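This briefing reviews one protein model for a computational chemist. It proceeds from a single residue to a metal site, a helix and the nonpolar cores.

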Amino acid sequence: MRWIHGVAVGALSLALAACTTSPTGRSQLTLMSDEQLDQMGAQAFDQYQQERPTVGGAAYRQVQCVTEAIVRSLPPQAREGGWQVKVFEDDSANAFALPGGYVGVNTGLLDIAENQDQLAAVIGHEIGHVLAHHANERASTQSATNLGLSVLSSAAGLEGAGGEQVMAAMGLGAQYGILLPFSRRHESEADVIGLQLMAEAGFDPRASVALWQNMSAAGGGQPPEWMSTHPSHGQRIAGLEAQIPEVLPRFEQARQAGRTPSCGR
Ligand SMILES: [Zn+2]
């Protein structure tokens with residue numbers, strides 16, 4: 001039975017090596033490389049564009065302006081390579097950001113986000129998912145579950161191949177769908193990071209509450225499809241309200257430092 005022991009230790013050390021810490025200090029399992037995630041992001045962004053028309057004009061300029069202001073305040077490694085922005089002609093109130101530096105906003109969301117600060121709340125939240133490696137963590141957790149089963153059923157084969165083959169199996173991560181909804185834990189974490197990002201960029205974090213109130217009113221009690229696993233509007237608003245006193249000083253400092261974005265529509 002020695003070979004099973006060998007594989008178990010191998011899988012464990014792989015997991016430990018891939019254990020990272022999210023921006024809020026939570027430890028997480030991230031088995032895929034940044035390159036793999038960036039590639040998945042690029043593919044998903046391409047595919048999304050093939051399925052809907054993009055729009056330019058004032059809507060695009062506003063989304064671009066808000067994204068640029070947020071990206072300017074990111075750590076250097078997160079700014080590297082720049083961020084691409086697209087606005088999609090689509091009535092559903094959806095927005096996303098993807099690893100590799102992609103931001104997509106539907107026109108339906110722009111009907112709900114009434115001003116630059118509300119839009120910054122959405123874009124900050126979405127970029128928060130990327131900074132916290134949530135897509136990697138989601139796919140890794142699923143892979144680890146699958147891997148656990150395959151270690152039991154074909155341990156000898158995996159042992160012979162070593163880590164590379166295991167990582168190749170992880171590369172199938174694209175099948176998990178990088179655009180799937182996130183868990184509640186990921187949502188709350190992205191809310192916290194999003195507030196910090198918007199405040200740092202000089203957007204008023206209090207606008208996040210108004211945004212979610214609008215979202216709630218527009219949905220007629222029914223959350224839009226992309227939020228189906230999201231916390232309820234009430235829980236989310238309560239969470240944001242609790243965090244706002246902590247980020248308000250950052251917002252005030254940003255304004256004093258001259259970070260006063262002007263992204264009208
Ligand atoms: Zn989210």
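Is Gln256 buried or exposed? Gln256 is exposed, with a relative accessible area of 70%; exposed means over 50% relative accessible area, buried under 20%, and partly exposed in between, with a 1.4 Å probe and protein chains only. The model is predicted: local features need pLDDT of at least 70 and side-chain atom pairs count only at pLDDT 80 or more, while totals for chains, interfaces and linings use all residues. Residues are numbered from 1 along each chain as its sequence is written, and side-chain values use heavy atoms, with hydrogens and water left out.

**Helix α12**
- Gln256 lies in helix α12, residues 233-256 (helices are DSSP runs of H or I with at least four residues, numbered from the N terminus).
- Between Gln256 and Gly202 there are 9.1 Å in space, C-alpha to C-alpha, although they are 54 residues apart in sequence.
- The 24 residues of α12 reach 32 Å from first to last C-alpha, close to the 34 Å expected at 1.5 Å a residue (the expected span is 1.5 Å times one less than the number of residues).
- At Pro245, α12 bends by about 50°, taken as the angle between axes fitted to the seven residues ending there and the seven starting there.
- Among the buried residues of α12 are His233, Leu240, Ile244 and Phe251.
- The buried residues of α12 pack against α6, α10 and α11 (207-219), where contact means heavy atoms within 4.5 Å.
- Gly258, just after α12, takes a positive phi of about 90°.

**Zinc site**
- His125 (NE2), His129 (NE2) and Glu187, through two OE entries, are the protein donors of the zinc ion, at 2.1 to 2.5 Å (donors are N, O and S atoms within 2.8 Å of the metal, or 3.2 Å for Na, K and Ca; water is not among the atoms, so sites may look incomplete).
- The site is irregular, with angles of 54 to 133° among its four donor atoms; four donors count as tetrahedral if all angles lie between 85 and 135 degrees, and as square planar if opposite donors are over 155 degrees apart and all others between 65 and 115.
- His129 in helix α6 and Glu187 in helix α10 (residues 184-200) are 58 residues apart and link distant parts of the chain.
- Both His129 and Glu187 are buried.

**Nonpolar cores**
- The largest nonpolar core has 47 residues, and Ile70, Ile127 and Phe203 have the most contacts inside it (a core joins buried Ala, Val, Leu, Ile, Met, Phe, Trp, Tyr and Cys residues through side-chain atoms within 4.5 Å).
- Helix α6 (residues 116-131) gives the most to this core, with eight residues.
- A second, separate core of seven residues includes Tyr48 and Phe88.

How values were computed: Helix = DSSP H or I, 4+ residues; strand = E, 2+ residues; numbered from the N terminus. Tetrahedral: all angles 85-135°; square planar, octahedral: opposite > 155°, others 65-115°.
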